[in-house]
Amino acid sequence: MATNKKANWYELDNAAKIVPSTARGANTRVFRLCCELKEEVDCQILQEALDHTIEEFPFFNCVLHRGMFWYYLEDSNLWPVVEEENTPACLPLYIPGKKNLLYRVNYFGRRINLEMFHVLADGTGAFMFFKSIIIRYLQIKHNLSEDIKPIDEFSVEEKNVDAFSDNYSRQRGLKQLNEMKAVRAYQVTGEVDDNLLPHLLEATVSSQKFLDLAHEYDTTVGVLCVSLYIKAVIQGMNRGQRKRHIVVSVPVNLRQFFSSGTARNFFGVINIDYDPEDYNGDLKSIIEPVDMDFKDKLAEDNIEKTMNSYSALEHNIAIKMVPLPIKDFVIGRFDRAAKRGVTTSMSNLGRIKMPAEVEEYIDRFSAFMTASSQQVCVCSFKDKMTFGEVSPYKTHKTMLNFIRCLTEAGIEVELGTNDYDIEVHKDADLSKVQSKNKRK
């Protein structure tokens with residue numbers, strides 16, 4: 001299917017500008033959102049739902065081009081075709097010199113998957129699109145009212161806006177970037193997949209039980225997630241390695257702090273820094289400093305400072321005039337240096353809210369983001385909270401330690417993984433884990 005429309009072009013938003021330069025190897029910068037229904041997916045209805053929904057998100061039907069100074073997006077007459085999944089998850093979507101869409105929608109069994117190149121949107125923005133597809137699919141499938149709309153519904157204009165430009169205030173941007181240089185953090189390693197394919201692991205727990213555990217420690221769900229993962233990392237370190245700090249990179253949805261309905265990228269990143277030598281065997285000794293670090297870095301003035309620091313790069317005249325090949329080289333080196341200051345990344349997408357009329361047909365949502373080492377995405381729907389890890393490593397030692405931490409706290413875990421990773425917990429003592437091999 002093709003449309004006849006004038007080809008508009010768009011500058012990449014601030015967060016998207018570094019994505020093409022940093023997509024390499026296992027880190028394709030492609031993320032995946034999944035919705036598992038309570039019934040098998042109908043391909044024809046899913047295609048119809050996608051055809052309808054993309055009209056509300058025209059920005060997503062763009063292709064990526066290389067300019068003289070920056071990458072840019074341009075409208076295309078390409079149209080997405082839904083297919084049954086038959087390839088590994090999160091394969092590259094941007095191929096230099098090839099004109100193709102930067103997202104794909106596929107299905108397998110009861111699962112509907114949206115995969116997207118990070119230049120188009122962040123997880124929150126992509127979920128706006130994804131939820132609209134799911135709602136439209138269920139409306140057609142079950143003859144539901146067409147008046148059912150997403151809870152976070154915005155106009156086409158609001159969805160397409162560049163929120164970074166709208167909220168940027170000129171400050172000491174580049175000086176602030178220098179202040180944000182990372183420490184050299186402990187690195188999680190493993191045996192890398194020969195073909196650099198992503199290995200996915202999904203752990204599902206009760207949202208209510210996890211919330212109850214957070215209340216027991218008088219903390220938030222987000223702080224508890226990061227604290228438990230830090231504990232899991234510590235369990236994989238030897239005494240000498242504990243001299244290195246553990247740094248967890250946490251993307252922050254800036255829509256919480258600045259009024260915006262954009263479906264494009266609008267996030268910042270904070271680094272939660274923990275010294276393993278402060279751990280005394282009690283989870284509280286992790287939670288308390290992590291909680292303090294969160295509160296400090298999520299303070300309003302620090303959030304504004306972080307956003308303006310990122311935006312300062314694209315507003316600096318000297319940087320603007322540097323040719324793209326040089327930018328690619330410099331950004332690539334900067335990205336590799338920055339990764340040495342991060343142990344892992346954990347992105348909390350929060351509760352996925354759907355209209356009451358469609359909730360009964362949905363089992364769960366999950367999310368995954370590729371990484372050169374590992375990244376965990378967290379989201380919840382009703383009483384199912386999922387932790388989705390992506391890694392190029394053949395085994396998931398840290399994630400299995402994380403699951404042990406959950407089971408030790410009395411929380412049962414349902415474990416799923418992609419096809420070539422079926423023995424992920426072969427030697428693990430996970431007595432409270434239900435395992436089922438899933439196509440992601």
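The following paragraphs describe the nonpolar cores, the salt bridges and the surface patches of a predicted model.

The interior of the predicted structure was examined through its buried nonpolar residues. The largest nonpolar core comprises 68 residues, and those with the most contacts inside it are F60, Y103, M116, L120, F129, I362 and F365. The greatest contribution to this core comes from helix α3, spanning residues 123-141, which supplies 10 residues. Separate from this assembly is a second core of 50 residues, in which V205, F266, V378 and M399 are included.

A further view of the fold is given by a pair of residues that lie apart in sequence. V250 is placed in strand β9, which covers residues 246-253, and with a relative accessibility of 7% this valine counts as buried, because the cut-off for burial is under 20%. Although V250 and S347 are separated by 97 residues in sequence, their C-alpha atoms are 5.6 Å apart in space.

Salt bridges were then considered, of which the structure holds 16. One of them joins the side chains of R364 and E202, with a nitrogen-to-oxygen distance of 3.8 Å. Because R364 belongs to strand β12 (residues 362-369) whereas E202 belongs to strand β8 (residues 199-206), this pair ties together parts of the chain that are 162 residues apart in sequence. R364 is buried, with a relative accessible area of 1%, and E202 is likewise buried, with a relative accessible area of 1%. The side chain of R364 also meets that of D363 in a salt bridge, here with a nitrogen-to-oxygen distance of 2.7 Å, and D363 counts as buried at 16% relative accessibility. These three residues take part in a network of salt bridges that links E36, R110, R111, E202, D363, R364, K384 and E414.

Another salt bridge is formed between the side chains of E146 and R136, at 4.0 Å from nitrogen to oxygen. The two partners are 10 residues apart and link distant parts of the chain, with E146 in the loop between α3 and α4 (156-160) and R136 in helix α3. The surroundings of the two side chains can be described by their accessibility: E146 has a relative accessible area of 56% and is therefore exposed, the cut-off being over 50%, while R136, at 14%, counts as buried. Helix α3 thus provides R136 for this salt bridge and is also the element that gives the most to the largest nonpolar core.

On the surface, two patches of different character were identified, one charged and one nonpolar. The patch of positive charge is a gathering of R24, R184, R244, R333, R336 and R340. Among these arginines, R340 is located in the loop between α12 (324-339) and β11 (344-351), where its relative accessible area of 42% makes this residue partly exposed, because the value falls between the 20% and 50% limits.

The nonpolar patch is made by I326, F329 and V330 and has an area of about 300 Å². V330 is found in helix α12, and at 48% relative accessibility this residue counts as partly exposed. Helix α12 therefore carries one member of the nonpolar patch, V330, and precedes the loop in which R340 of the positive patch is placed.

Note on methods: Residues are numbered from 1 along each chain as its sequence is written. This is a predicted model: local features need pLDDT of at least 70, side-chain atom pairs count only at pLDDT 80 or more; totals for chains, interfaces and linings use all residues. Side-chain values use heavy atoms; hydrogens and water are left out. Patches are made of residues with over 30% relative accessible area and no salt bridge: like charges are joined within 9 Å, nonpolar side chains (Val, Leu, Ile, Met, Phe, Trp, Tyr) within 5 Å. Accessible areas come from the Shrake-Rupley method with a 1.4 Å probe; for residues, only the protein chains shown count as cover. Lys and Arg count as positive and Asp and Glu as negative; His and the chain ends are not counted. The place of a charge is taken as NZ of Lys, CZ of Arg, CG of Asp or CD of Glu. Helices (H or I, at least four residues) and strands (E, at least two) are DSSP runs, numbered from the N terminus. Buried means under 20% relative accessible area, exposed over 50%, partly exposed in between (1.4 Å probe, protein chains only). A nonpolar core is a set of buried Ala, Val, Leu, Ile, Met, Phe, Trp, Tyr and Cys residues joined through side-chain atoms within 4.5 Å.
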